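Biologist: Before I rely on the terms used for this fold, I would like to hear how each one is decided.

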Amino acid sequence: MATKIPSAQRRLFKNLFFCKVCKQKIRVDNSKILAGKVSCRRCKSKSFRAVRKK
Ligand SMILES: [Zn+2]
């Protein structure tokens, strides 16, 4: 089943994060998340989790 997922879709998930506070979906570069340079557009929170990590 996993092989059916197009690489483009996998790439979409790669830089996709959820705000831990308000569940806002945000797409940013992974390194920016790790560097703490990203804040949530809605609640200004800086805590995110990867979308696939569930
Ligand atoms: Zn938020």
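Modeller: Two strands are said to pair if DSSP finds at least two bridges between them, and the strands themselves (E, at least two residues), like the helices (H or I, at least four residues), are DSSP runs numbered from the N terminus. This is a predicted model, in which local features need pLDDT of at least 70 and side-chain atom pairs count only at pLDDT 80 or more, while totals for chains, interfaces and linings use all residues. Residues are numbered from 1 along each chain as its sequence is written.

Biologist: How do you know that strand 1 and strand 2 pair?

Modeller: They are joined by three bridges in the antiparallel sense, where at least two are required; L16, for instance, stands opposite R27 in strand 2.

Biologist: What makes strand 2 and strand 3 the edges of the sheet?

Modeller: The open sheet has three strands in the order 2-1-3, with antiparallel pairing. Strand 2 and strand 3 each have a single partner strand, so one side of each is left without a neighbour in the sheet.

Biologist: Why is K23 called exposed?

Modeller: A residue is exposed if 12 or fewer other C-beta atoms (placed from the backbone) lie within 10 Å of its own, buried if 20 or more do, and partly exposed in between. K23 has 10 such neighbours inside 10 Å and therefore counts as exposed. K23 lies in the loop between strand 1 (16–19) and strand 2 (25–27), and its phi is near 65 degrees, a positive value in a residue other than glycine.

Biologist: And why is K44 called exposed?

Modeller: K44 has 10 other C-beta atoms within 10 Å, and is therefore exposed. K44 is placed in the loop between helix 2 (30–35) and strand 3 (48–50).
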